[in-house]
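Trainee: Could you take one part of this model, look at it closely, and then work outward from there to the rest of the chain? I would like a connected account rather than a list.

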Amino acid sequence: MRLSLDWQAVEKKWQSAWKKARIFEADPSVEKKKFFLTVAYPYPNSPQHVGHGRTYTLTDVYARFKRMQGYNVLFPMAFHYTGTPVLAIAKRVASGDKELLEDFTKIYKVPTEELKAFVEPVKIADYFHNEIREGMREIGFSIDWRREFTTIDAAYSRFVEWQFRKLQSKGLITRGSHPVGWCQDCGSPMGQHDTKGDVEPEIGELTLIKFKLDEVYLPTATLRPETVFGVTNVWVRPDVEYVRVAVDDEVWIVSEECADKLLLLEHKVSLLGRVAGRELVGKYLDNPLTGGKVPILPASFVDPKNATGVVMSVPAHAPYDYIALEDLKADESRLLEFNLEPKVVRGIRPVSLISLEGYSEFPAVDAVVRFKVKGQMDEKAEEATKEVYSQEFRNGRMRDNTDGYAGMRVSEAKDRVKEDLIRAGKAAVMYELLNRPVYCRCGGEAAVKIFKDQWFINYGDEAWKERVRDCLADMRILPEDLRVEFENVISWLREKACARRQGLGTRLPWDNEWIIESLSDSVIYMSYYTISKHINAGLVDVGKLDDEVFDFVFLGLGDPNVIGAGRGLAPLVLREMRDEFCYFYPLDSRNSGRDLVPNHLTYFIFNHVAIFPESLWPRQIVVSGSVLMEGKKMSKSFGNIIPLRDALRSFGADGFRLAILATAELLQDADFSSSLARSLKERLERFYAFALEVIDAAEREGGDETVGSSMAESWLMSRLMLRVKAVTSAMEEIRFREAIHNVLFMLDQDVQWYLKRSVSGGGKGSSRVLRRVLETRVLLLTPFAPHLCEEVWERLGNAPFVSLRAWPEFRVELVDAGVIEGEELVRDLRDDVAKIVQATRSVPKRVVVYVAAGWKWRVYLEVLREATAGEARIGDVMKVVMVDAELRSLGRRVASFVQKVVSDVNKMPREMVGSRLGVGVLDVAGILGDARGFFEREFNAEVVVHGEDDAGRYDPRGRAGLAEPYRPAVFLE
């Protein structure tokens with residue numbers, strides 16, 4: 001039965017009802033434990049699209065689940081105006097940027113009249129602020145909107161000023177010169193929120209090793225200075241024009257792009273001349289550490305925009321170098337083109353300088369062979385490189401040909417070689433973007449600049465890091481695999497620029513020329529949510545909010561009577577704010593995307609540790625992966641950016657919520673597809689139609705509430721309880737794909753099997769049983785599809801709201817393991833007979849089933865007992881069963897049976913071993929006898945059940961002896 005469902009009407013009905021009843025507004029309660037969770041507040045420079053929907057929906061589902069578990073859940077939302085992106089957008093709008101204007105009108109459906117105001121940055125943010133908020137309401141997020149704010153609100157700026165003065169008072173804010181991501185067009189430092197695609201500029205410290213050509217240096221950039229002992233040649237790009245420049249007191253040959261970068265890194269650079277790359281090929285350089293001569297060879301893979309445009313080659317330990325060298329040796333025409341002596345080039349052999357257990361002298365060669373790398377452009381070359389670098393860094397040791405570094409671990413030698421070369425003037429340091437190219441939202445390409453007199457948060461402070469590690473150790477990280485990523489980030493973090501000269505945001509309180517940047521004013525704002533409702537309600541004069549007020553509210557310092565009297569603030573309101581903060585803090589869960597692990601999420605831990613006492617440190621971080629669209633990365637160039645509100649109109653709120661979460665667990669990339677969203681929407685419609693059938697049948701039939709009177713009913717109730725247990729476990733661990741699979745698919749299969757068994761038995765299924773299953777299923781589905789579930793809940797005659805009803809409880813007394821095993825036996829026998837019929841293409845008139853003899857059950861249970869302590873052993877089982885005189889008299893039959901059962905049981909899941917041992921001897925004959933009518937309807941044949949050792953059994957083919965516990969033998973004729 002298909003029933004037309006007006007999704008839009010249902011959604012509006014329940015969103016209006018939730019708002020009117022204010023059911024998602026959370027206030028302190030002495031009766032309930034709290035659960036406070038947040039998700040990154042959005043940056044309103046465009047509408048949210050389908051990709052954003054995953055992290056926010058995931059958080060809402062978790063919030064709804066915890067609310068149904070009885071927690072007083074606070075799930076607030078705000079909007080992050082801080083930064084420069086809207087400034088760049090406003091400039092592009094003012095300049096008439098055609099591409100951007102088309103994006104706004106065609107993709108984001110911004111009315112032309114509204115677009116005229118987009119020359120003002122705040123107007124852009126305000127427009128998309130409203131757009132995003134409406135989308136969040138339409139999808140049904142259970143947000144307490146009383147606490148909404150923006151990061152340019154005056155009260156929030158006062159809060160951020162307090163945060164920064166706290167950091168400054170603890171000596172955690174410094175001023176100095178440090179490398180930062182830099183946009184030359186904007187003349188400003190760049191963080192993740194300032195870049196296209198929200199890419200964090202990853203700054204790496206490279207070692208420039210100075211290879212000498214007469215009196216000129218060709219510096220090669222490397223992350224592995226210890227490998228200089230194995231350099232066989234140096235690569236240059238022959239079709240690139242290099243520059244000869246005076247760098248400080250030396251003369252270097254580098255790419256022109258490198259010369260520009262050196263200026264940003266505070267080197268004195270002046271142009272002396274130009275030299276074609278091909279003119280350098282064939283010349284020899286002096287290795288600064290070994291003194292040996294190495295040739296310059298041509299390579300098309302050299303990128304002049306990367307570091308110096310000159311690359312040292314270590315083919316023994318760098319897969320790319322090995323592949324490139326072998327390619328050049330095999331390319332006769334290229335050798336002749338550059339007048340290179342083939343015999344000399346082909347005579348170059350890799351130099352091994354690192355010993356690594358499990359690898360030959362040349363780990364790079366091993367990796368190329370293992371990964372079956374076909375050439376320099378093969379993606380597997382990168383995998384091979386990562387493996388070699390990782391293994392050598394962690395487990396490698398320097399060989400005897402590395403002089404004073406011999407025997408040293410690679411991880412130690414890397415720094416020692418670098419320090420020694422720099423001390424001797426044979427190397428220098430260069431900062432470069434490791435993930436280039438990175439683009440500013442204005443369109444300019446990012447570079448690295450040594451920024452003078454900049455303000456930094458000193459995340460490199462070791463004492464601070466130790467406390468952060470203590471906090472992380474006590475936190476729950478989901479998924480747990482990501483804990484090591486946080487540990488690594490904590491280790492490599494150093495000074496982070498925290499202010500810039502332009503953009504929206506809060507002025508640095510002690511230096512008003514600077515504006516605090518977006519990754520620095522967004523790290524403890526979760527605490528501000530606890531008091532924002534008081535501020536939004538006008539209970540506090542924003543102008544009176546100062547450090548003493550925040551010290552009292554967040555740290556409990558000072559007397560509210562004194563503080564209030566001096567500022568004209570009501571002491572009662574101050575106490576309420578303090579009480580609300582103390583009730584909801586610490587934060588129970590922070591949900592965000594994986595791309596924020598190297599920055600925001602780690603800064604979030606750092607700043608909480610710095611400002612709040614240990615009892616208020618965050619408890620949990622939940623990290624999710626990204627979203628693909630039909631298997632592809634979402635991009636305007638692919639034309640697959642779908643605004644969230646458009647998706648909701650197409651697939652409905654509940655259909656979208658399921659589709660964005662059903663394809664992947666936390667860290668996996670979710671693959672959203674229109675076909676899946678439509679199919680899930682249709683499945684929900686079928687569920688609704690079936691629910692109405694159950695409700696109507698229950699109302700017509702009435703009857704008592706007793707359930708589980710038949711084997712099929714008892715089985716269904718047992719399965720229901722096991723589904724409740726499985727879904728609850730999955731929800732706690734935020735394995736939402738697994739939870740959806742159980743509720744929407746597996747539980748449906750259970751119901752369909754129950755109906756099949758009931759109908760085949762001459763009945764039609766108990767409406768009371770089905771209603772009870774329906775109610776439980778609605779509760780389990782509510783966090784995912786709240787609108788439809790509210791509608792069904794109301795149709796069931798229950799008072800609203802299902803969103804506030806208790807989560808189903810797993811009741812072990814309703815689980816009958818024997819019934820479950822018996823019903824699985826019925827299902828397995830049905831499937832086995834169907835397979836035989838299909839394989840033999842026969843139409844049986846009679847199906848004869850043989851159940852195992854009693855002695856086999858005794859042996860089977862003994863094997864199960866042995867397996868509970870570990871792997872069952874044939875000898876141990878035989879010692880026990882041979883004590884039994886009857887079993888001993890059966891001789892080889894027992895020995896053969898023991899051997900087979902031990903093999904089967906040792907492959908069995910431990911949970912099944914325990915369950916079957918608990919059930920004991922199953923009355924298989926009785927179970928199959930009761931199911932005879934079902935089988936006869938299924939097979940359209942007479943069904944006969946015999947015991948293996950029945951004296952009068954019909955067994956023309958001698959099949960009875962093949963019967964085993966849980967596996968009856970079958971004969972068809």
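**A helix and its surroundings**

Mentor: Helix α7 covers residues 154-169, and since its 16 residues should span 22 Å at 1.5 Å a residue, the 23 Å between its end C-alpha atoms agrees with that expectation. The model is a predicted one, and the values that follow should be read with that in mind. Along α7, the buried positions are A155, Y156, S157, F159, V160, E161, W162, Q163, F164, K166 and L167. Just after the helix comes G171, whose phi is positive, at about 75°.

Stepping back to the whole, the protein chain has 37 helices and 30 strands, and its C-alpha atoms fill a box of roughly 105 × 85 × 55 Å along the principal axes. Of the 973 residues in the protein chain, 56% are buried. Among contacts with a separation of 6 or more, 76% join residues that are 24 or more positions apart.

In soluble globular proteins, nonpolar side chains tend to be buried together. Here the largest nonpolar core takes in 166 residues, and F104, F672, F784 and L928 are those with the most contacts inside it. A second core, separate from that one, has 82 residues, including A447, V468, V597 and W617. Returning to F784, and leaving aside its neighbours within four places in sequence, this residue is in contact with V61, D654, R657, L658, L661, M731, F736, A739 and I740.

F104 leads on to a helix pair, namely α3 (residues 85-94) and α4 (residues 98-107), whose axes come within 8 Å and cross at roughly 105°. Because of that angle, α3 counts as roughly perpendicular to α4. The contact is formed by I89, R92 and V93 on the α3 side and by L100, L101 and F104 on the α4 side, and F104 is also one of the residues with the most contacts inside the largest nonpolar core.

Another pair can be set beside it: helix α13 (residues 363-370) and helix α14 (residues 380-395) pack at an angle of about 140°, with 9 Å between their axes. That angle makes α13 oblique to α14, and the crossing in which α13 passes α14 is right-handed. At this contact, P363, A364, A367 and R370 of α13 meet A384, E387, V388 and E392 of α14.

The backbone also deserves attention, as most residues other than glycine have a negative phi, and most peptide bonds are trans. Two residues that are not glycine depart from the first of these tendencies. D248 has a positive phi near 55° and is found in the loop between β8 (241-247) and β9 (250-255), while I734, also with a positive phi of about 55°, is found in the loop between α26 (711-732) and α27 (736-760). Their surroundings can be compared through accessibility: D248 is partly exposed because its relative accessible area is 39%, whereas I734 has a relative accessible area of 2% and is therefore buried.

Cis peptide bonds appear in loops as well. The bond from L478 to P479 is cis, with omega near -5°, and P479 has its place in the loop between β18 (476-478) and α17 (483-492). The bond from P800 to F801 is likewise cis, with omega near 10°, and F801 has its place in the loop between α29 (786-795) and α30 (817-840).

Helix α30 is also the place of Q838, a residue that counts as exposed because its relative accessibility is 63%. Q838 and L722 are 116 residues apart in sequence, and their C-alpha atoms are 33 Å apart in space.

A last residue to set beside Q838 is R910, which is found in helix α35 (residues 910-919) and counts as partly exposed because its relative accessibility is 42%. R910 and G870 are 40 residues apart in sequence, with 9.1 Å between their C-alpha atoms in space. Not counting residues up to four places away in sequence, R910 touches A867, G870 and V905.

Technical notes
Residues numbered from 1 in each chain as written. Predicted model: local features only at pLDDT ≥ 70, side-chain atom pairs only at ≥ 80, totals over all residues. Heavy atoms only, no water. Helix = DSSP H or I, 4+ residues; strand = E, 2+ residues; numbered from the N terminus. Expected span 1.5 Å × (residues − 1). Buried < 20%, exposed > 50% of the residue type's maximum accessible area, 1.4 Å probe, protein only. Core = buried A, V, L, I, M, F, W, Y, C linked by side-chain atoms within 4.5 Å. Contact = heavy atoms within 4.5 Å. Axes fitted to C-alpha atoms, helices over the stretch in contact; angles between N-to-C directions. Parallel < 35°, antiparallel > 145°, perpendicular 65-115°, else oblique. Left-handed = near helix turned anticlockwise from the far one by under 90°.
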